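Work through the exercises below with the structure open beside you, and try each task before reading its solution.

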Amino acid sequence: MIWEQLENYDALSGRAAKILLEAIRVNPRSVLGLPTGRTPIGMYKRVVEDCGAVHVMPTHHCFRDVTTFNLDEYVGIPHDHEGSYAAYMRHKLFEHVDVDPARTHIPDGNALDPGVECDRYEKEIRDAGGIDLTFLGLGRNGHIGFNEPGTPFDSRTRVVALTESTRSANAPHFPDGPVPTAAITMGIGTILESRRIVLLASGSGKQDAIARLRSRDISTAFPASALWMHENVHVLVA
Ligand code: GLP
């Protein structure tokens, strides 16, 4: 596990964006795993700035041949709902770069049978050849995606109930309606199959979680500790 301390959130965002852009420059057909939440917003902003600049040059492509898989999505929320992670991704990244919408994947939380949707999502990842590089945020309790403490390390994409604290944290995104009670998330096993992982953690609220991760105490009580079992993880801290 490589640890890199950045001076502040801005520097962390720039560093993360550089890693993403370098990966798709080296392999324009990269398959990326992408997070939502507050932490990666700066990274997406930097990526958009950079890709927007090369976008006007017809010989340069940024995301044209890139495939993306998001980590999670709420259950019961259609992708056109502004509170959905699909809307987040459109606004923060997809609408601003030359990505092919057909190559962007987010679990369909509004699927008739969410269990079937989870299996379909796993198959889509396999059919794409697996994920080359996944970016992760870090929950205060160590969650990654929506894999809360207690999640087995070999878990796959599945439906999970949201904890009360997660629901209240997300309530502002659902001003007019009920806050979702469940989500579809890649499992920890799914995440660990990504060939490379970059974890982003920033802010005073994350310092305890960062310290716990650094302690290398590998336990399902702290989901992010599973990353110690992966050979290519880069942690960016600010
Ligand atoms: C949510 C998301 C996670 C995210 C985490 C931290 O629960 N499902 O994928 O990493 O919260 O979010 P933030 O970056 O806003 O602190």
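**Exercise 1: The pocket**

In this predicted model, the largest pocket has a volume of about 990 Å³. Find the residues that lie closest to its centre, and then establish which helices and strands contribute to its lining.

Solution. Begin at the centre of the largest pocket, where the closest of the 38 lining residues are Thr-36, Gly-37, Arg-38, Tyr-85 and Asn-170. Next, turn to the elements that each give at least two residues to the lining, namely strand E4 (72-74), helix H3 (85-92) and helix H5 (164-170). Helix H3 supplies the largest share of that lining, with five residues. Finally, sort the lining by class, which gives 13 nonpolar, 18 polar and seven charged residues.

**Exercise 2: The ligand**

Locate the ligand, list the residues that surround it, and determine which side chains place a polar atom close to one of its oxygen atoms.

Solution. The ligand sits in the largest pocket. Around the ligand are Gly-37, Arg-38, Thr-39, Asp-72, Tyr-85, Gly-137, Leu-138, His-143, Gly-145, Phe-146 and Lys-206, and this shell divides into three nonpolar, five polar and three charged residues. Now look for polar contacts, taking 3.5 Å as the cut-off between N or O atoms. In the side chain of Thr-39, an N or O atom is 2.5 Å from an oxygen atom of the ligand, while a polar side-chain atom of Lys-206 lies 2.6 Å from a ligand oxygen, and for His-143 the corresponding distance is 3.1 Å. As a last step, consider the surface of the ligand, which exposes 390 Å² when taken alone, 91% of which the protein buries.

Methods. Residues numbered from 1 in each chain as written. Predicted model: local features only at pLDDT ≥ 70, side-chain atom pairs only at ≥ 80, totals over all residues. Heavy atoms only, no water. Near = heavy atom within 4 Å. Polar contact = N/O pair within 3.5 Å; in protein donor to acceptor, adjacent residues only side chain to side chain. Areas by Shrake-Rupley, 256 points an atom, 1.4 Å probe, with all protein chains shown as cover. 1 Å grid on protein atoms, 1.4 Å probe; cavity = no way out; pocket = protein on both sides within 12 Å on 5 of 7 lines; lining within 4 Å. Sits in = over half its atoms within 2 Å of the grid points. Nonpolar A, V, L, I, M, F, W, Y, C, P; charged D, E, K, R; others polar. Points joined across faces, edges and corners; volume = space filled by probe spheres on them. Helix = DSSP H or I, 4+ residues; strand = E, 2+ residues; numbered from the N terminus.
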